[in-house]
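Here are a few short exercises on backbone geometry and overall fold. Try each one with the viewer open before you read the solution.

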Amino acid sequence: MKSNRVLTIAALAIVAAALIAAAGCKYGGMAFTKRGQLLKINIEHPVDLPDQGEGDIGIVLGNRGVRYVKDVLVDVELPPQLVVLDEKHERGVTMSHDPGSNSYHYTLSNLQPAEDSTIHYRIRTSFGTMTDSGSIRATAWQRDLTGDRLVETASIKLRP
């Protein structure tokens, strides 16, 4: 009976240590805030497209915690091999764009628990001599995030 208690307590201690270690880490497009919230960022994109092909990219920012996350800033940088034909974002998201650049800046004032907010791009590829699009980079900034930011990258390959 006592050996079962010791094993149970040891297992609980290992799980607690893993959770504490994970609280300070960012992994796989997810990061914990200092208040125990889980902020998630994902880039939905086609794996490959032909040259001059069109496709959709979605930047999905989600709150997987039990409380709201306030004042999230999102920077999206698209490589020059992707030409943006159309950009759409959801209500409650403010966008600014630097003319002549592939940088887009968004502000989400409040992201509720279990809520996703998606930014959509309709793009056309222009690979030239490249074999992939280069990095699509989405960076979420929030003062409660460990390290203050969460970065996710993706790329689109040239379809033969």
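Asp71 is a good place to begin: this residue is partly exposed, with a relative accessible area of 38% (buried is under 20%, exposed over 50%, partly exposed in between, with a 1.4 Å probe and protein chains only). The model is predicted, so local features need pLDDT of at least 70 and side-chain atom pairs count only at pLDDT 80 or more, while totals for chains, interfaces and linings use all residues. Residues are numbered from 1 along each chain as its sequence is written, and side-chain values use heavy atoms, with hydrogens and water left out.

**Exercise 1.** Find where Asp71 lies and give its phi.

Solution. Start with the element: Asp71 belongs to strand S6 (residues 69–77). Strands (E, at least two residues) and helices (H or I, at least four) are DSSP runs, numbered from the N terminus. Next, read the backbone angle: phi of Asp71 is near 55°, positive although the residue is not glycine. For background, most residues other than glycine have a negative phi.

**Exercise 2.** Do the same for Gln52, and add its exposure.

Solution. First, Gln52 sits in the loop between strand S4 (48–49) and strand S5 (54–63). Then, its phi is positive, at about 70°, and it is not a glycine. Finally, Gln52 is partly exposed, with a relative accessible area of 47%.

**Exercise 3.** Describe the secondary structure and burial of the protein chain.

Solution. Count the elements: the chain has one helix and 13 strands. Then turn to burial: of the 160 residues, 33% are buried.
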